[in-house]
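Trainee: I should like to learn how to read the packing and the charge pairs of a protein model. May we work through one together?

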Amino acid sequence: MNASIEPTPYQELGGDEPLRRLVDRFYDLMLCEPDVAEVRDMHGSDTTQIRERLFDFLSGWLGGPSRFIEKHGHPRLRFRHRFFRIGVLERDQWMFCMHKALAETPMGGDLRVRLEQAMADMADALRNDSHDAHGCGAGGCASAPEHAGQCGC
């Protein structure tokens, strides 16, 4: 029997050092890119703690050490982000920075594609404000604009 174990994305990336560089580049871009003001304002100017939290989260999410869970418990991403308005604009600004950071981080092309898709799925799942769609998103509002007046939007 020849059982092979597939490497985790964390291992494919190269472990802690490349992951730390990815996270740092992501936040560096967020702090300096002029077109991401809304998402930048959510994070504030001192990104020291949030860098560490994203590093810890991504470590476990990518199949490496479960640092975030050890320090903070289950990630509960939607719950932890509930105080921030996250719509299409904020999602797209976050992804703009992540896309650039991933593009500047050395890794195999297949891994980059998988990470970009996984990050995009995660960012989209965090959306909690659909006012940029038709209506408010409550009930059938977003999919049926004729119901928009029923929800008060």
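**Reading burial, packing and charge pairs**

Mentor: Let us begin with one residue: E33 is buried, with a relative accessible area of 14%. Please keep in mind that this is a predicted model.

Trainee: With which residue does the side chain of E33 meet in a salt bridge?

Mentor: Side chains of opposite charge can pair when their charged atoms come close. Here the partner of E33 is K100, at 3.0 Å from N to O. E33 lies in the loop between helix 2 and helix 3 and K100 in helix 7, so the pair ties together parts that are 67 residues apart in sequence. K100 counts as partly exposed, at 27% relative accessibility.

Trainee: Which residue forms a salt bridge with R51?

Mentor: That residue is D24, and the closest N and O atoms are 3.3 Å apart. This pair also links distant parts of the chain, since R51 belongs to helix 4 and D24 to helix 2, 27 residues apart. R51 is buried at 13% relative accessible area, while D24 is partly exposed at 26%.

Trainee: How many salt bridges does the count come to?

Mentor: The count is 15. Another of these pairs is E90 with R85, at 2.6 Å from N to O. E90 is buried, at 7% relative accessibility, and R85 is partly exposed, at 38%. In addition, salt bridges that share partners join R20, E52, D56 and K71 into one network.

Trainee: Let us turn to helix 2. Which of its residues are buried?

Mentor: To read a helix, one asks where its buried residues sit around the axis. In helix 2 the buried residues are P18, L19, L22, V23, F26, Y27, L29 and M30. They lie on the same side of helix 2, because they cover an arc of only 165° around the axis. The face turned away from that buried side carries the exposed residues E17 and C32.

Trainee: Against which helices do the buried residues of helix 2 pack?

Mentor: They pack against helix 1, helix 3, helix 4 and helix 7. F26 gives a single-residue view: leaving aside neighbours within four places in sequence, F26 is in contact with L54, W94, C97, M98 and A101.

Trainee: How many residues does the largest nonpolar core have?

Mentor: This core has 29 residues, and those with the most contacts inside it are L19, F26, L58, W94, M98 and M119. Helix 1, helix 2, helix 4, helix 7 and helix 8 each give two or more residues to this core. The largest share, seven residues, comes from helix 2.

Key
Residues are numbered from 1 along each chain as its sequence is written. This is a predicted model: local features need pLDDT of at least 70, side-chain atom pairs count only at pLDDT 80 or more; totals for chains, interfaces and linings use all residues. Side-chain values use heavy atoms; hydrogens and water are left out. Buried means under 20% relative accessible area, exposed over 50%, partly exposed in between (1.4 Å probe, protein chains only). Helices (H or I, at least four residues) and strands (E, at least two) are DSSP runs, numbered from the N terminus. The arc is that of the directions from the helix axis to the C-beta atoms. Contact means heavy atoms within 4.5 Å. A nonpolar core is a set of buried Ala, Val, Leu, Ile, Met, Phe, Trp, Tyr and Cys residues joined through side-chain atoms within 4.5 Å. A salt bridge is a side-chain nitrogen of Lys or Arg within 4 Å of a carboxyl oxygen of Asp or Glu.
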